[in-house]
Amino acid sequence: MQRSPIYSHIWVYRGAMNLLYRGEYRRRFEDVTRLLGGGTRSVCELCFGDTVVAEWCRANGIRWTGVDINHGFCRRAWRRGLNAIEGDVLAVDLSHADVFLMAGSLYHFPARLSELFDAIFRHTDRFILSEPVRNMSAHEGLVGWCAKRAGSAGTGDGGFRFDPSSLAEALGQQQRRKGLELRVVSVDRDMLVEMTREPCSSR
Ligand SMILES: C[S@@+](CC[C@H](N)C(=O)[O-])C[C@H]1O[C@@H](n2cnc3c(N)ncnc32)[C@H](O)[C@@H]1O
């Protein structure tokens with residue numbers, strides 16, 4: 001599937017997301033940053049797209065690194081003096097961070113979840129995920145067809161989306177495989193989840 005025009009420019013992306021989230025687009029990021037807590041010194045945001053979290057981290061003295069495959073989104077972050085890495089999250093060299101984040105992007109990796117979780121938990125003990133579970137792409141007909149294409153990053157994600165039960169099932173598999181604690185913080189249009197592993201020092 002070709003990359004959706006939504007990813008052509010941040011303003012197009014924000015406009016589309018604001019429509020989808022009925023004006024609540026930024027609230028998703030606030031829900032995520034609220035979870036970060038006072039002790040967080042570094043964050044790695046996978047598939048960051050926008051720089052809302054990055055700017056929040058800068059204002060709060062937290063070191064931020066972002067990874068995205070979209071050149072335009074990375075260039076925009078660089079222009080703001082942010083530490084963005086352009087590339088596939090499964091191919092770039094990740095560094096340790098206190099917290100890894102991913103918002104609205106797990107659906108790009110349905111067949112690569114184990115690889116993704118291995119990469120994340122090689123570099124952190126804490127992962128915060130916000131993933132849509134009520135999707136317009138689940139609709140039949142033209143609405144669903146358009147929504148599936150609108151979300152394609154052009155990386156072969158094939159229009160896949162999670163619903164509450166498929167996400168719970170997929171995360172449960174990773175939880176058991178990696179021995180993680182899993183806390184569902186909230187479920188609405190997005191499911192907000194925190195996954196942690198006991199740090200090596202206390203194991
Ligand atoms: C739906 S957007 C979400 C952006 C942002 N996190 C948000 O919540 O609004 C998905 C993002 O994932 C990026 N992306 C998709 N596949 C990727 C991959 N394999 N590696 C890195 N970034 C990827 C896209 O370029 C896009 O910026």
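**Note on the predicted model: sheet, helix packing and Thr196**

1. The centre of this note is an open sheet of 7 strands, ordered β3-β2-β1-β4-β5-β7-β6, in which the pairing is mixed. The edge positions are taken by β3 (83–86) and β6; each has a single partner strand, so one side of each has no neighbour in the sheet. From one strand to the next, the twist averages 15 degrees. The model is a predicted one, and the points below should be read with that in mind.

2. As for overall content, the chain has 7 helices and 7 strands. Starting at the N terminus, the elements follow the order α-α-β-α-β-α-β-β-α-β-α-α-β-β. Of the 203 residues in the chain, 31% are buried. Among contacts with a separation of 6 or more, 59% are between residues 24 or more positions apart.

3. Strands of a sheet pair through backbone hydrogen bonds, and the pairing may be parallel or antiparallel. Both kinds can be found here. Strand β4 (residues 99–103) runs parallel to strand β5 (residues 126–132), and 4 bridges join them. Within this pair, Leu101 has Ile128 of β5 as its bridge partner.

4. The antiparallel case is strand β6 (residues 181–187) with strand β7 (residues 190–196), joined by 6 bridges. The two strands form a hairpin, with 2 residues between β6 and β7. One bridge to locate on the model is that of Arg183, whose partner in β7 is Glu194.

5. Thr196 deserves a separate look. This residue belongs to strand β7. Is Thr196 buried, exposed or partly exposed? Thr196 has 16 C-beta neighbours inside 10 Å, and a residue needs 20 or more to count as buried and 12 or fewer to count as exposed, so Thr196 is classed as partly exposed. Setting aside neighbours within four places in sequence, the contacts of Thr196 are Asp125, Arg126, Leu180 and Glu181. Asp125 lies 71 residues from Thr196 along the chain, yet their C-alpha atoms are 5.5 Å apart.

6. One helix to place against the sheet is α3 (residues 52–59), which lies across β1 (42–46), β2 (63–68) and β4. The angle between α3 and β2 is about 165 degrees.

7. Two packed helices are described by the angle between their axes and the distance between the axes. Helix α3 also packs with helix α2 (residues 25–34), at an angle of about 45 degrees and with the axes 10 Å apart. The pair is therefore oblique, and α2 passes α3 in a right-handed crossing. On the α2 side the contact is made by Arg26, Phe29, Val32 and Thr33, and on the α3 side by Val52, Val53 and Trp56. Sorted by class, the contact of α2 with α3 has 5 nonpolar, 1 polar and 1 charged residues.

8. A second helix pair is α5 (residues 113–121) with α7 (residues 164–178), whose axes come within 11 Å and cross at roughly 50 degrees. That angle makes α5 oblique to α7, and the crossing of α5 and α7 is right-handed. Which residues of α5 meet α7? They are Leu113, Ser114, Phe117 and Phe121, and they meet Ala170, Gln174, Arg177 and Lys178 in α7. By class, this contact has 4 nonpolar, 2 polar and 2 charged residues.

Key:
Residues are numbered from 1 along each chain as its sequence is written. This is a predicted model: local features need pLDDT of at least 70, side-chain atom pairs count only at pLDDT 80 or more; totals for chains, interfaces and linings use all residues. Two strands pair if DSSP finds at least two bridges between them. Axes are lines fitted to C-alpha atoms, for helices over the stretch in contact, and angles run from 0 to 180 degrees between N-to-C directions. Two residues are in contact if their C-beta atoms, placed from the backbone, lie within 7 Å. Angles under 35 degrees count as roughly parallel, over 145 as roughly antiparallel, 65 to 115 as roughly perpendicular and the rest as oblique. A crossing is left-handed if the near helix is turned anticlockwise from the far one by less than a right angle, and right-handed if clockwise. Ala, Val, Leu, Ile, Met, Phe, Trp, Tyr, Cys and Pro count as nonpolar, Asp, Glu, Lys and Arg as charged, and the others, Gly among them, as polar.
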